[in-house]
Amino acid sequence: MKTILRMMDHLYWADGRILDALEASHTKDAELLKLVRHVAVAEQVWLSRLQGKGNVQYWLWEEAENLPEIRRMFEANAKEYRSYTGKLEESALDQMISYNSQNGRSFQTSIGDILLQVLLHGQYHRGQINRALRMESAEPAPVDYITFARL
């Protein structure tokens, strides 16, 4: 549990860093903004499932309005995840959660695996975002875990 909580702290930090890099780049790339919004919404979807709520209200690949709106989404996610994980006992990590995927298929996944999915999914897409920033000759955000750990 200690490792998951530490990795969640890295997630909140890395989400903020990638948003800072996008703001500094002044990118107008709609697909890039759509991708960063996707990360924020995916975090919301998984949290909703962990909380036993439905996820039909979420659209994973919608156009992004603007970076301040996406930042507010990430900040709300961090607050909600902190609340959720702050009450979570290590013994609950093996508890199975039943949910439907975005296309309606039923699944059962452990709380621990869902949290790992959230952590790894964001890291994967932050790498894509950094690559796109490099292609625009913008400065990518160093979001590796070791960078966070050295703070």
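**Figure 1. Arg126 and Asp15 are both buried in this predicted model.** The two side chains meet in a salt bridge, with an N to O distance of 2.7 Å. Arg126 belongs to helix 4 (residues 111-135) and Asp15 to helix 1 (residues 2-25), so that the pair links distant parts of the chain, 111 residues apart. In total, the model has three salt bridges.

**Figure 2. Asp20 forms a salt bridge with Arg71.** The closest N and O atoms of Asp20 and Arg71 are 2.7 Å apart. Asp20 lies in helix 1 and Arg71 in helix 3 (residues 67-86), so this pair ties together parts that are 51 residues apart in sequence. Why does Asp20 count as partly exposed? The relative accessible area of Asp20 is 40%, and the partly exposed class runs between 20% and 50%.

**Figure 3. Arg71 also forms a salt bridge with Glu23.** Here the closest N and O atoms are 3.1 Å apart. The pair again links distant parts of the chain, with Arg71 in helix 3 and Glu23 in helix 1, 48 residues apart. Glu23 has a relative accessibility of 32% and therefore counts as partly exposed. Together, Asp20, Glu23 and Arg71 are linked in a network of salt bridges.

**Figure 4. Helix 1 and the residue just after it, His26.** Helix 1 has 24 residues, which at 1.5 Å a residue should span 34 Å. The C-alpha atoms at the ends of helix 1 are 35 Å apart, in agreement with that expected span. His26 takes a positive phi of about 55°.

**Figure 5. Helix 2 (residues 30-50) packs with helix 4.** Two packed helices are described by the angle between their axes and the distance between the axes. For helix 2 and helix 4 the angle is about 175° and the axes are 10 Å apart. Angles over 145 degrees count as roughly antiparallel, and helix 2 and helix 4 are therefore roughly antiparallel to each other.

**Figure 6. Residues in the contact of helix 2 with helix 4.** On the helix 2 side, the contact is made by Leu32, Leu35, Val36, His38, Val39, Ala42, Glu43, Trp46 and Leu50. These meet residues of helix 4, among them Ile111, Ile114, Leu115, Val118, His121, Gly122, His125, Ile129 and Leu133. By type, the residues of this contact divide into 14 nonpolar, six polar and one charged.

How values were computed
Residues numbered from 1 in each chain as written. Predicted model: local features only at pLDDT ≥ 70, side-chain atom pairs only at ≥ 80, totals over all residues. Heavy atoms only, no water. Salt bridge = Lys/Arg side-chain N within 4 Å of Asp/Glu carboxyl O. Helix = DSSP H or I, 4+ residues; strand = E, 2+ residues; numbered from the N terminus. Buried < 20%, exposed > 50% of the residue type's maximum accessible area, 1.4 Å probe, protein only. Expected span 1.5 Å × (residues − 1). Axes fitted to C-alpha atoms, helices over the stretch in contact; angles between N-to-C directions. Parallel < 35°, antiparallel > 145°, perpendicular 65-115°, else oblique. Contact = heavy atoms within 4.5 Å. Nonpolar A, V, L, I, M, F, W, Y, C, P; charged D, E, K, R; others polar.
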